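Let's take a walk through this chain, starting with how strands are matched up and then widening the view. Keep the viewer open as you read.

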Amino acid sequence: MSKKTQAEAAWNEEVAKDGLKKVIADRLKFHGGLYLKFVVSFTGCAMATAKKHLDRLVEEGLAAKELHDNDWHYRHTPNI
């Protein structure tokens, strides 16, 4: 088993404290966009779970998604 990076540990700590959806929404806003596989690798959750939360943000108008090669990219859409 590989060691967790400091960044992965920080994500996991935030998820435990604030919940997965809030952490994903905050990181999406901070970074401007996230790839689905990146979210899965840093949170340790199942791909279906991460996609469900990201797709919910798309439905709420907080993100847009595009398929890049074989990975979904979710881009933050600021409310104007």
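Before looking at any facing residues, one convention: two strands are said to pair if DSSP finds at least two bridges between them. Keep in mind, too, that this is a predicted model.

With that in hand, go to the C-terminal part of the chain. Strand 2 (63-68) and strand 3 (71-76) run antiparallel to each other, and their pairing extends over six bridges. For a concrete spot to click on, try alanine 64, which sits opposite arginine 75 of strand 3.

Now follow the hairpin round its turn. Two residues lie between the strands, and in this hairpin aspartate 69 takes a positive phi, near 55 degrees. That's worth a second look if you like Ramachandran plots: most residues other than glycine have a negative phi. Is aspartate 69 buried or exposed? Its relative accessible area is 80%, and since anything over 50% counts as exposed, aspartate 69 is exposed.

Zoom out and trace the fold from the N terminus. The order of elements is α-α-β-α-α-β-β, which gives four helices and three strands. So which residues of helix 3 are buried? In helix 3, spanning residues 36-43, they are Leu36, Val39, Val40, Phe42 and Thr43. As a reminder about helix geometry, an α-helix has 3.6 residues a turn, so residues three or four places apart point the same way.

The cover over those buried residues comes from several parts of the chain. It includes helix 1 (6-18), helix 2 (20-31), strand 1 (33-35), helix 4 (47-59) and strand 3, a member of the hairpin we just left. Right after helix 3 there is another positive phi, about 80 degrees, this time at glycine 44.

Finally, the whole chain. Why call its overall size that of a compact globule? A compact globule of 80 residues would have a radius of gyration near 12 Å, and the chain has 12 Å, so the two agree. Along the principal axes, the C-alpha atoms fill a box of roughly 40 × 30 × 20 Å. Of the 80 residues, 32% count as buried. Among contacts between residues at least 6 apart in sequence, 48% join residues at least 24 apart.

As for the outside, the accessible surface is about 5,300 Å², with 56% of it belonging to carbon and sulfur atoms. On the electrostatics side, there are 13 positive and 11 negative charges, and their mean positions are 2 Å apart.

Notes
Residues numbered from 1 in each chain as written. Predicted model: local features only at pLDDT ≥ 70, side-chain atom pairs only at ≥ 80, totals over all residues. Heavy atoms only, no water. Rg over C-alpha atoms; globule rule 2.2 N^0.38 Å. Buried < 20%, exposed > 50% of the residue type's maximum accessible area, 1.4 Å probe, protein only. Contact = heavy atoms within 4.5 Å. Areas by Shrake-Rupley, 256 points an atom, 1.4 Å probe, with all protein chains shown as cover. Lys, Arg positive; Asp, Glu negative; His and termini not counted. Charge placed at Lys NZ, Arg CZ, Asp CG, Glu CD.
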